[in-house]
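User: Hi! I am new to protein structures and would like some help reading one. Could we go through it together?

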Amino acid sequence: MILLPDRADVDAAHARIRPWIRRTPVIAVGEEVSGVAAPVLLKLDLMQRTGSFKARGAFSALLAAPVPDAGVVAASGGNHGAAVAYAAMRLGHPAAIFVPETAPQVKVDRLTRCNAAVHRVGRVYADAFAAALEHQAQTGARLLHAYDDPQIIAGQGTAAAEFADQAVNVEGFGGLDTVLVAVGGGGLLGGVIAALAGQGVRIVAVESVGAPTLARALAAGHPVEVDVHGLAADSLGARRIGDHGFALAQAHLHASLLVEDDEIREAQRRLWQELRLVAEPGGAVALAALTSGRYQTGATERVGVILCGGNTDPATLSS
């Protein structure tokens, strides 16, 4: 039996990490951005340190327990590695980061700027994770799992806790009825559920059709391996949903949706053209559920969307 994080764990994580992270802003947007007439509030965690929500979980885990002299090791498509490398640098620990060969150069460059030892291994996240496990066994470094660690999940949940608190004070909102969240391995989803379960907020998971780890697990009744491909694979490229995130989703999830690559591109385009916000594909997945019409809002439904990452080359976006 696994121990699932809850709101008390999220609040404890927030207390630990508050001096080290940004309280990212929220912005209300209209139909030209969201594609729907209902009010929509965006949580801009693509403005978080290292360009994604992942910094929250990295600081949460590193501050929760002692770090050995060998430092930390992580496997990542890019964002988790950048977060671990940055947090380790700020806290004075060495870091080794294993990434697949497909990791975008913009993400690898961020790792090197944080003084991490970067190792490019294999084509997908699972290959990098196997290499990270071998490094852990050889060196005694502490492994920080990208999404299936209670302290990581609790840290990610601080984004949702902030979001709910901020929404209360936004004119025309006064709170949130629904939160849309992107899913890769399930760390952010698990954190959002841990933060908001039991508070009357519907939680909707959104995945790329090329990385449907949660959808396949829900259909099977348990986590299963999936083939990963498509536009968002570098950031939502886990082959299997995490056990913690899946258990939380089974208990509390309102809906699970899939979006196509061209729908993700359209959400990215709207964010750039209307707001000059650079969102990576994974960071725009949740918004794509609205802009594509795959999530149908009620007329007065107060919808929140977490924009979870911005580590992409702006040149790939339409002007």
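Analyst: Happily! Two strands pair if DSSP finds at least two bridges between them; helices (H or I, at least four residues) and strands (E, at least two) are DSSP runs, numbered from the N terminus. This is a predicted model, in which local features need pLDDT of at least 70, side-chain atom pairs count only at pLDDT 80 or more, and totals for chains, interfaces and linings use all residues. Residues are numbered from 1 along each chain as its sequence is written, and side-chain values use heavy atoms, with hydrogens and water left out.

User: How many bridges join strand β4 to β5?

Analyst: Strand β4 covers residues 95-99, and β5 covers 117-120. The two strands run parallel, and Ile97 stands opposite Val118 in β5. The number of bridges joining β4 to β5 is four.

User: In what order do the four strands of that open sheet lie?

Analyst: The pairing in this open sheet is parallel. Its edge strands, β5 and β6 (142-143), each pair on one side only. The order is β5-β4-β3-β6.

User: Which helix packs on this sheet, touching β3, β4 and β6?

Analyst: Contact means heavy atoms within 4.5 Å. Axes are lines fitted to C-alpha atoms, for helices over the stretch in contact, and angles run from 0 to 180 degrees between N-to-C directions. The helix makes about 160° with the direction of β3 (72-75), and its residues are 125-139: this is helix α6.

User: Why is one side of β1 and of β9 left without a neighbour in the sheet?

Analyst: These strands belong to an open sheet of six with mixed pairing, in the order β1-β2-β10-β7-β8-β9. The twist there averages 25° from one strand to the next. β1 (26-29) and β9 (255-259) stand at the edges, so one side of each has no neighbour: each has a single partner strand.

User: Which residue is the bridge partner of Thr178 in β10?

Analyst: Strand β7 (residues 178-182) and strand β10 (residues 303-307) run parallel and are joined by three bridges. In β10, the partner of Thr178 is Val303.

User: Which helix lies across β2, β7, β8, β9 and β10?

Analyst: Helix α7 (residues 150-167) lies across β1, β2 (40-44) and β10, at about 135° to β2. The helix you ask for runs at about 160° to β10 and has residues 281-291: helix α12.

User: What is the distance between the axes of α3 and α7?

Analyst: Two packed helices are described by the angle between their axes and the distance between the axes. Helix α3 (residues 54-64) packs against α7 at about 130°, which makes α3 oblique to α7 (angles under 35 degrees count as roughly parallel, over 145 as roughly antiparallel, 65 to 115 as roughly perpendicular and the rest as oblique). Residues making the contact include Ala58 and Ala61 of α3 and Gly155 and Ala159 of α7. The axes are 7 Å apart.

User: And how close do the axes of α3 and helix α4 come?

Analyst: Helix α4 spans residues 79-91, and its axis crosses that of α3 at roughly 45°. That makes α3 oblique to α4. Among the contact residues are Phe59 and Leu62 of α3 and Val84 and Leu91 of α4. The axes come within 8 Å.

User: Which residue forms a salt bridge with Asp45?

Analyst: A salt bridge is a side-chain nitrogen of Lys or Arg within 4 Å of a carboxyl oxygen of Asp or Glu. In this pair the closest N and O atoms are 2.8 Å apart. Asp45 lies in the loop between β2 and α3 and its partner in helix α3, so the pair ties together parts that are eleven residues apart in sequence. The partner is Arg56.
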